[in-house]
Amino acid sequence: MASRPLNDDEVLSEMNKMVAFIKQEALEKAREIKVKADEEFAIDKAKLVKQEEQAIDAQFDKKRKGAETAQKIQQSTLTNKSRLRLLHRREEHLQDLFASARTQIARLAGDEARYVQFLEGVLVQGLLQLLEPTVTVYTRAKDKAIATRALNGAKAAYYEISGRQVEVELDASLNDELAGGVKLISGTRRITLDNTLDERLRLLEDRMLPEIRHDLFGPNENRKFFT
């Protein structure tokens, strides 16, 4: 049996069904698109938030490190200034100590008996070091008389020790500002021995300085030995 053609009402009904189906499909598709868009938006938003958090963290970390570095530099500067002040005060203390020693040696030259004995000792020591037949001894002008007395005793002691005679010329041309003592120059003028009180004190300061620092200020962790 042949099918009959649809009348107008039936056609309208079918078209309505098709329209409803298309609308439903469109609504479902729209919902899918919205859900996907929402998901992508949420993902992009999360990424953006994370990036901003990382940027903020990085900026904060940079500022924190900068602050820590500035604090370390400030602490180091303060420590160095404090150390320099301490070293300066220690140096002043040492210089005061050496100045006191210079005052003491200056007093030695004022004690004639002790000074003659000192001069005789350094003269014998110098003559034995040189072992020359002729020697020039330099002294201060104001010490010429005392030096002559000391020289007589020194020559006798030198002969007794070495069995040698020595011809000594006395030259009173040392600077009177020196604390005292003598200089000896060999006859060939190639060897000079500085036995002035000033030079002896300077050598003593150089040799004893590490030990004096240790006694006054305690051990230095950077030094294992005095010399």
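In helix α2, the buried residues are Tyr115, Val116, Phe118, Leu119, Val122, Leu123, Val124, Gly126, Leu127 and Leu130. The model in which they are found is a predicted one. Helix α2 consists of 19 residues and reaches 27 Å from its first C-alpha to its last, close to the 27 Å expected at 1.5 Å a residue.

The protein chain as a whole contains 4 helices and 4 strands. Along the sequence these elements follow the pattern α-α-β-α-β-β-β-α. Of the 227 residues of the protein chain, 21% count as buried. Among contacts with a separation of 6 or more, 73% are made by residues 24 or more positions apart.

The strands form an open sheet of 4 strands with the order β2-β1-β3-β4 and mixed pairing. Strands β2 and β4 are the edge strands, each pairing on one side only. On average, neighbouring strands of this sheet are turned by 20° against each other, direction ignored. Helix α2 packs on the sheet and touches β1, β2, β3 and β4, and its direction makes about 20° with that of β3. Within the sheet, β1 and β3 pair in the antiparallel sense over 4 bridges. Tyr138 stands opposite Lys183 of β3.

Helix α3 also meets the sheet, where it lies across β1 and β2 and runs at about 155° to β2. The 19 residues of α3, residues 144–162, should span 27 Å at 1.5 Å a residue, and the end C-alpha atoms are 26 Å apart, which agrees. The buried residues of α3 are Ile146, Ala147, Ala150, Leu151, Ala154, Ala157 and Tyr158. They cover an arc of only 140° around the axis, and therefore lie on the same side of α3. An α-helix has 3.6 residues a turn, so residues three or four places apart point the same way. The partners against which the buried residues of α3 pack are α2 (112–130), β1 (134–140) and β2 (167–174). The face turned away from the buried side of α3 carries the exposed residues Ala145, Asn152 and Glu160. Just after α3, Gly163 takes a positive phi of about 75°.

The largest nonpolar core has 28 residues, of which Tyr115, Leu123, Val137 and Leu184 touch the most other members. Two or more residues of this core come from each of α1 (8–110), α2, β1, α3, β3 (181–186) and α4 (197–217). The element that gives the most is α2, with 9 residues. Of the core members named above, Tyr115 and Leu123 are among the buried residues of α2. Val137 has contacts with Leu123, Leu151, Val168, Glu169, Leu170, Asp171, Val182, Lys183 and Leu184, when residues up to four places away in sequence are not counted. One of these contacts, Leu151, is among the buried residues of α3.

Positive phi values also occur at residues that are not glycine. Most residues other than glycine have a negative phi. Leu131 is not a glycine, yet has a positive phi of about 50°. This residue comes just after α2, and its place is in the loop between α2 and β1. Leu131 has a relative accessible area of 38% and is therefore partly exposed, since this class covers values between 20% and 50%. Arg189 likewise has a positive phi, of about 65°, although it is not a glycine. Arg189 lies in the loop between β3 and β4 (192–196). With 48% relative accessibility, Arg189 counts as partly exposed.

Another arginine, Arg102, belongs to helix α1. The relative accessible area of Arg102 is 37%, which makes the residue partly exposed. Arg102 touches Gln95, Leu201 and Glu205, not counting residues up to four places away in sequence. Arg102 and Ala179 are 77 residues apart in sequence, while their C-alpha atoms are 7.9 Å apart in space.

Key
Residues numbered from 1 in each chain as written. Predicted model: local features only at pLDDT ≥ 70, side-chain atom pairs only at ≥ 80, totals over all residues. Heavy atoms only, no water. Expected span 1.5 Å × (residues − 1). Buried < 20%, exposed > 50% of the residue type's maximum accessible area, 1.4 Å probe, protein only. Arc of directions from axis to C-beta. Contact = heavy atoms within 4.5 Å. Core = buried A, V, L, I, M, F, W, Y, C linked by side-chain atoms within 4.5 Å. Pairing = 2+ DSSP bridges. Axes fitted to C-alpha atoms, helices over the stretch in contact; angles between N-to-C directions.
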